[in-house]
Amino acid sequence: MSFVEGLRCRECGRVYPAAASHVCDFCFGPLEVAYDYEAVAASISREKIAAGPATIWRYADLLPASAESPVELGAGFTPLVRADRLAAELGLGELYVKNDTRNPTGSFKDRVVSVALTKARELGFKIAACASTGNLANSVAAHAARAGMQSYVFVPKDLERVKIQTTAVFGGNLIAVDGNYDDVNRLCAELASEHTDWAFVNVNVRPYYSEGSKTLAFEVAEQLGWTVPDHVVVPIASGSQLTKIHKGFHELGLVGLAQGGDGVRISGAQAAGCSPVATAFAEGSDVVRPVRPDTIAKSLAIGNPADGYYALGVVRSSGGAIASVTDDEIVEGMRLLARTEGIFAETAGGVTIATLAKLAAAGVVRHDERVVAYVTGTGLKTVEALGDTVGPSAVIEPTLEAFAAIQQEGLMR
Ligand SMILES: *Cc1c(COP(=O)(O)O)cnc(C)c1O
Ligand SMILES: [Zn+2]
């Protein structure tokens with residue numbers, strides 16, 4: 001059973017039935033899922049959650065689709081790793097990494113897609129579609145395969161080769177578009193109005209899709225013994241994930257699971273080659289001006305972020321900050337996380353870690369705070385970003401003498 005009251009306009013507050021729609025007919029504001037929190041509070045408990053599945057569906061009372069037969073591959077309940085070695089390098093105290101590389105298709109997108117396709121199937125859709133910077137493509141293709149749904153996935157044609165192959169293998173339709181993500185997204189908006197029998201996860205079912213990101217807040221709180229962190233660092237592409245992590249922390253208080261959620265500072269991370277939200281933050285502006293992306297962090301390369309304005313508001317009101325990092329810093333962030341904690345993240349993870357380092361150095365993220373960095377995708381899909389920065393320590397003949405020689409040369413760490 002679901003506790004959804006309907007879809008509420010974020011601008012004017014009008015409430016609509018929980019159908020496949022994403023904009024307010026009256027003011028064109030974005031729609032968001034609204035719940036009957038009193039009813040949720042009466043149903044939900046820490047014990048009930050603990051007895052649930054080790055997936056996002058343990059929080060079904062706060063999700064907009066029924067957990068009875070979800071479309072799923074096991075997304076969520078990923079490790080929250082205490083990162084003392086990384087903390088020491090950055091001059092921080094109690095630091096954790098939320099390791100979302102450990103999802104079925106290697107990124108946090110499995111959370112949102114599992115929710116979107118479960119709701120889409122409930123609404124009677126048989127076809128799933130999306131515009132993607134890569135990880136969403138993987139996840140939609142995989143979940144559609146699992147559900148026996150047809151899929152249409154649209155991506156920019158210059159995507160990492162691995163992300164193309166690891167999407168195509170699931171057997172749906174994969175269309176590479178000669179343009180950047182914002183071109184793909186515009187095409188998909190046009191397609192969505194023509195093909196009303198397609199569930200476009202980031203168009204007509206976007207309100208449900210984005211709810212999946214709240215589980216990133218719920219899990220962190222549960223894994224910290226139903227307490228909340230002081231400060232979290234979140235990567236920004238469209239800004240959806242960041243705003244829903246905020247909503248998730250807020251809801252914990254509403255339904256009596258954990259207190260203090262409204263006090264969590266939320267900071268955002270972007271790549272310098274695509275940093276429209278970081279730029280607006282730095283300028284003290286409310287207007288997120290679109291940019292043309294040019295960065296190795298392709299999963300974050302959205303030049304015109306749909307939720308950029310709301311992400312900006314969340315960061316400002318929570319007392320966080322938004323910073324951006326260069327491609328070199330991104331690679332350094334990937335290597336730092338790998339070297340200190342044994343976690344191999346994709347470029348977006350490099351963005352988060354490098355931004356965390358920058359905010360720590362600036363005193364924005366503090367030593368006395370309990371901090372969580374959201375690492376949202378696996379490095380195995382973006383190996384090419386590392387280029388020649390990593391390789392063998394030495395190449396030797398198969399003899400003891402050859403090995404002794406490199407040891408003497410001081411080449412071993
Ligand atoms: C899509 C994505 C994000 C950010 O998503 P938004 O909700 O659009 O801001 C972060 N990390 C990874 C790895 C992603 O694929
Ligand atoms: Zn409205």
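**Notebook: charges and salt bridges**

I began with the charges and noted 36 positive and 47 negative side chains in the chain, with the centres of the two sets 2 Å apart (Lys and Arg count as positive, Asp and Glu as negative, and His and the chain ends are left uncounted; each charge is placed at NZ of Lys, CZ of Arg, CG of Asp or CD of Glu). The model is predicted, so I kept in mind that local features need pLDDT of at least 70 and side-chain atom pairs pLDDT 80 or more, while totals for chains, interfaces and linings use all residues. Residues are numbered from 1 along each chain as its sequence is written, and side-chain values use heavy atoms, without hydrogens and water.

I then searched the whole structure for salt bridges and found 27 (a side-chain nitrogen of Lys or Arg within 4 Å of a carboxyl oxygen of Asp or Glu).

I looked up glutamate 219, whose side chain meets that of arginine 111 in a salt bridge at 2.8 Å, N to O. Because glutamate 219 lies in helix H9 (residues 215-223) and arginine 111 in helix H4 (residues 109-122), the pair ties together parts 108 residues apart in sequence (helices are DSSP runs of H or I, at least four residues, numbered from the N terminus). Glutamate 219 counts as buried at 0% relative accessibility (buried means under 20% relative accessible area, with a 1.4 Å probe and protein chains only), and arginine 111 is also buried at 0%.

I turned next to lysine 163, which forms a salt bridge with glutamate 346, the closest N and O atoms being 3.6 Å apart.

Key. Chains lettered and ligands numbered in written order. Helix = DSSP H or I, 4+ residues; strand = E, 2+ residues; numbered from the N terminus. Buried < 20%, exposed > 50% of the residue type's maximum accessible area, 1.4 Å probe, protein only.
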